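Work through the three exercises below with the sequence and the 3D structure open beside you. Try each task before reading its solution.

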Amino acid sequence: MVEEAKGVKIVTRNFGVPDSHKLATYRARGGWEAFKKATAMAPTDIVEEVKKSNLRGRGGAGFPTGLKWSFVPKEARTVYLVVNADESEPGTCKDRELLAYDPHLLIEGMAIASYAIRCQHAYIYIRGEMMREAKIVQAAIDEAYAAGLLGASVPVPGGGTFRFDVTLHRGAGAYICGEETALLNSLEGKRGWPRLKPPFPAVKGLFQQATVVNNVETLMNIPAIIDKGSAWFAGLGMGKSGGTRIVCVSGHVAKPGVFELPMGITFKELIYDVCGGIPGGRKFKGLIPGGTSMPPLDASEIDVPIEFDALTSDARIKDVEVKAGVPFDMGNGRRLKTMAGSGGIVVFDETTDVVALCARIMRFYAHESCGQCTPCREGTGWLARVCTRLAVGQGHAGDVDLMGTVANGIAGNTICALGEAAAWPMMGFLTKFRADFEAKLAASTATTMTAPARQVAS
Amino acid sequence: MALEFSVQAKQRIERLLTQYPNKQAALLPVLHLAQDEFGYLPDEALNLVAETLQLPAAHVFGVITFYTMFHREKSGRNELMVCTNVSCMLRGGYDILHHIEGRLGIKAGESTPDGCFHLVEEECLAACANAPMMICGDRYHLDLTPAKVDTVLDDLRKRWQERAKQLPVGQAPETTNTGVGPHRKF
């Protein structure tokens, strides 16, 4: 673990400060200074600085942010910045707290990003269920307008002005709208159906214009990068991932919570040192490393750091299999381990009915599939039904392999990543906890419905 | 009966339209506004929104039915959104849901006959570190236990009944959840 990163707080630095959601508090703690510094720079220099910082998207895919910004065509006339605040990946609760505690840090990050990509109007797409956060963010936007930080003529050093508007847009309850192109369709007043890519949003996004879509946490890192420099930020991180990482730990741990931690911390340290271990002296069974769409890890795999690349390539993590001995092929022979995802870590102990847990996850994706692509629309339903009947002790012979086959038929064959979001954890659970599934199947003739399974089935 | 937006709602729509390059983009905010105003979105409200934004009613119908937060039918005013997704499930989310079902005598997806409560089994509501949890209005109820749930339900019903007393007979009061509730301290 990088020692310098211990205890460093970037995006959670104002947590716990009274009235941290107010502009006066934010300014008193050095807010909007980075914006001044940024607007004295050339926009292309800001993009370079963000590139050098190794900042990677915190929404789930971990794509380098500076690189994403540099995809905006130079000749683009209208450029939009869209903030993805549609946090709905099960197990993830970081953006909601970030929005509630420090909305001005987001607005400043947006202002700097907009200056860098020449955007004049940015939208924050906030999840519909987050009514409380929507009120807080709207109040913060109103405060920033009143203070002249947003509007038709924001002064920049050197005497010029910069037009920058921010609109808060509420979703209405659809997980798929966290997918960036579905989000853009939803923002345009349509059903949240993902679009085929290419064209990528950077070329043709919102209202058919060049668009950058960034996660809340990603943009909240920008002021610190400008303020303290890309070298400092990159130095905090590990490998090709700069900065710190926010994780939300839930499930069977003594102290669940949202923590800002060094990239290099391992899952084991996280569970036992930060979160106080498993309650009741019970044994650890497994965890979901980054929201339920990521393949789980078992007890032999938790000495791995939470960093993006470690989770996709560390040799200690097993390859996900379609069925016993047949590794899943992501295309061109690439193997799947797991991914850092959204940082939502769900820990479960030895008492957990893993099959029921998996069935609950599958039911979620079946419910949230937008219905556009057949493999996902039909396949997620199959997975949910087969896994549920197995969970309630009514499995049929061959069900375990059937689930692997169906999942393999979804992954890679859909417009957006929701297909993988259901297929990957299904195959992952089968790979890591196959014995649990086999045991359920073996016991299926008897009436062995566990309480959690009955709950999921009802 | 043809519905009309109130004067305030009309002003808000005017302002909304200045924030988007076309009228269609204002559909979700206008639907939220219509639902706040009429309580739910029957055909009359759907047509009113379609006319206001000059959109085909079929498009508006498609959008309303795609998103889970838009209601086509009248439901209880205090919407209890109880999460049962994995983080909550592992910490007793289903027990909370079943406790509420027992207390109110309804199943998830139903409203109480008096119109006070509407119960929804929700997917992850992004408060996983404080599971099990539920949202009512803009208020988060975190780290729930059956006893805590009882207090919340009693309190909501009491406030709702007090409001009901002040209204003409037959008219249901609005939701009572407008305050921003206490939140987890760091």
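The exercises use a predicted model, and each task is followed by its solution.

**Exercise 1. A strand inside a sheet**

Task: Find out which strands pair with β12(A), in which direction they run, and where β12(A) sits in its sheet.

Solution:
1. Start with the strand itself. Strand β12 of chain A covers residues 344–349, and 5 of its 6 residues are buried.
2. Look for the parallel neighbour. Strand β6 (residues 244–251) of chain A runs parallel to β12(A) and is joined to it by 4 bridges. Across this pairing, A:V249 is opposite A:I345.
3. Look for the antiparallel neighbour. Strand β8 (residues 284–288) of chain A is also joined to β12(A) by 4 bridges, and these two strands run antiparallel. Here A:L287 faces A:V347 of β12(A).
4. Place the strands in order. The open sheet has 5 strands, β7-β6-β12-β8-β9 in chain A, with mixed pairing.
5. Check the ends. β7 (257–262) and β9 (297–298) of chain A are the edge strands, each pairing on one side only.

**Exercise 2. The two sides of a helix**

Task: Which residues of helix α18 of chain A are buried, and why do they line one face of the helix?

Solution:
1. List the buried residues of α18(A), which spans residues 434–442: they are A:D436, A:F437 and A:K440.
2. Look down the axis of α18(A). The buried residues fall within an arc of 95 degrees, so they line one face of the helix.
3. Recall the helix geometry. An α-helix has 3.6 residues a turn, so residues three or four places apart point the same way.
4. Turn to the other side of α18(A), where A:A435 and A:A442 are exposed.
5. Name the packing partners. The buried residues of α18(A) pack against four helices of chain A: α14 (354–368), α15 (374–391), α16 (399–410) and α17 (418–432).

**Exercise 3. Where the two chains touch**

Task: How many residues of chain B are in contact with chain A, and which helix of chain B gives the most to that side?

Solution:
1. Count both sides. The contact involves 38 residues of chain B and 49 residues of chain A.
2. Identify the helices on the chain B side. α2 (27–38), α4 (57–66) and α5 (86–89) of chain B each supply at least two residues.
3. Pick the top contributor: α2(B) gives the most, with 4 residues.
4. Sort the chain B side by class. It has 27 nonpolar, 9 polar and 2 charged residues.

Definitions and conventions. Residues are numbered from 1 along each chain as its sequence is written. Chains are lettered from A and ligands numbered from 1 in the order in which they are written. This is a predicted model: local features need pLDDT of at least 70, side-chain atom pairs count only at pLDDT 80 or more; totals for chains, interfaces and linings use all residues. Two residues are in contact if their C-beta atoms, placed from the backbone, lie within 7 Å. Ala, Val, Leu, Ile, Met, Phe, Trp, Tyr, Cys and Pro count as nonpolar, Asp, Glu, Lys and Arg as charged, and the others, Gly among them, as polar. A residue is buried if 20 or more other C-beta atoms lie within 10 Å of its own, exposed if 12 or fewer, and partly exposed in between; C-beta atoms are placed from the backbone. Two strands pair if DSSP finds at least two bridges between them. The arc is that of the directions from the helix axis to the C-beta atoms.
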